[in-house]
Amino acid sequence: ILFSTIILLGVCSWLFPIISILIKLDSKGPVLFKQKRYGYHDEVFDCFKFRTMVVNADQESKTTEVGDKRITKLGHFLCKTSLDELPQFFNVFLGQMSVVGPRPHMLLVDDFYKPRISRYSVRSLVKPGITGMAQVNGLRGDNGDLNVEMKKRILADAFYVKNWSISLDFVIITKTIFLVIFGDKN
């Protein structure tokens, strides 16, 4: 909560208005997007993000895909730099998320993969995070065969849950900052 407050006051206080104006200039619709996600012990919460797509009927029922036409020009930039995730510091402040942990997926994604991938439910033993072990190791987004990619993500998430330490969190946060500043090569 302290780290989240520092980020909200030190970075988001000036960056949110800039991103909000750019989103409004880029496309019609709300600045923020909220979506139901599973959190700690599968408790459902509203996960906040900057809106990166045009408002559409599929936003609750369809995941993004390579070349997705729903993503706006600004949305591509926000996703590539992970700036679309910044509003999740409000989720951290509200106690629904942590800065580091397994990334929360759409409810339909969790409901699909839980019975298909062993150890999937291990993710709910900790709060979901803005960043996580899978993300800093290039296991994010749609990189091809989602079944294979999801299994790799779950292995990374399970490793994080089993080996959690404050030093591991600092390593993941440092790698995240590096990837945001210098770009993700994946």
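This is a short walk through a predicted model, from a surface patch to a pocket and then to a cavity.

Let us begin at helix H1, which covers residues 2-26 and holds Trp14. Look at the side chains around this tryptophan: together with Val11, Ile18, Ile21, Leu22 and Leu25, Trp14 forms a nonpolar patch on the surface. The accessible area of these residues adds up to about 600 Å². Is Trp14 itself buried, exposed or partly exposed? Its relative accessibility is 48%, and because partly exposed covers the range between 20% and 50%, Trp14 counts as partly exposed.

For a contrast, turn to helix H2, made of residues 73-81, where you will find Lys73. Lys73 counts as exposed because its relative accessibility is 74%, and the cut-off for exposed is over 50%. You can also use Lys73 to get a feeling for distances in the model. Lys73 and His41 are 32 residues apart in sequence, and their C-alpha atoms are 36 Å apart in space.

Now try another pair, Leu168 and Val100. These two are 68 residues apart in sequence, with 9.3 Å between their C-alpha atoms. Leu168 sits in helix H7. With 14% relative accessibility, Leu168 counts as buried, since buried means under 20%.

Helix H7 leads us on to the second largest pocket, which holds about 200 Å³ of space. Its lining has 14 residues, and Ile1, Phe3, Val92, Ser98 and Val99 are the closest to its centre. Which elements give two or more residues to this lining? They are H1, where our walk began, strand S3 (98-100) and helix H7 (166-182). H7 supplies the largest share, with four residues. Sorted by class, the lining of this pocket has nine nonpolar residues, three polar ones and two charged ones.

Our last stop is a cavity. How many cavities of 30 Å³ or more does a search of the whole structure find? The search finds one. The volume of the largest cavity is about 110 Å³. To find this cavity in the model, look for Tyr38, Gly39, Asp110, Arg123 and Ser124, which lie nearest its centre among the 15 lining residues. The lining of the largest cavity divides into six nonpolar, three polar and six charged residues. Set beside this, the lining of the second largest pocket has two charged residues and nine nonpolar ones.

Methods. Residues numbered from 1 in each chain as written. Predicted model: local features only at pLDDT ≥ 70, side-chain atom pairs only at ≥ 80, totals over all residues. Heavy atoms only, no water. Patch = residues over 30% accessible without salt bridge, like charges linked within 9 Å, V, L, I, M, F, W, Y side chains within 5 Å. Areas by Shrake-Rupley, 256 points an atom, 1.4 Å probe, with all protein chains shown as cover. Salt bridge = Lys/Arg side-chain N within 4 Å of Asp/Glu carboxyl O. Buried < 20%, exposed > 50% of the residue type's maximum accessible area, 1.4 Å probe, protein only. 1 Å grid on protein atoms, 1.4 Å probe; cavity = no way out; pocket = protein on both sides within 12 Å on 5 of 7 lines; lining within 4 Å. Points joined across faces, edges and corners; volume = space filled by probe spheres on them. Nonpolar A, V, L, I, M, F, W, Y, C, P; charged D, E, K, R; others polar.
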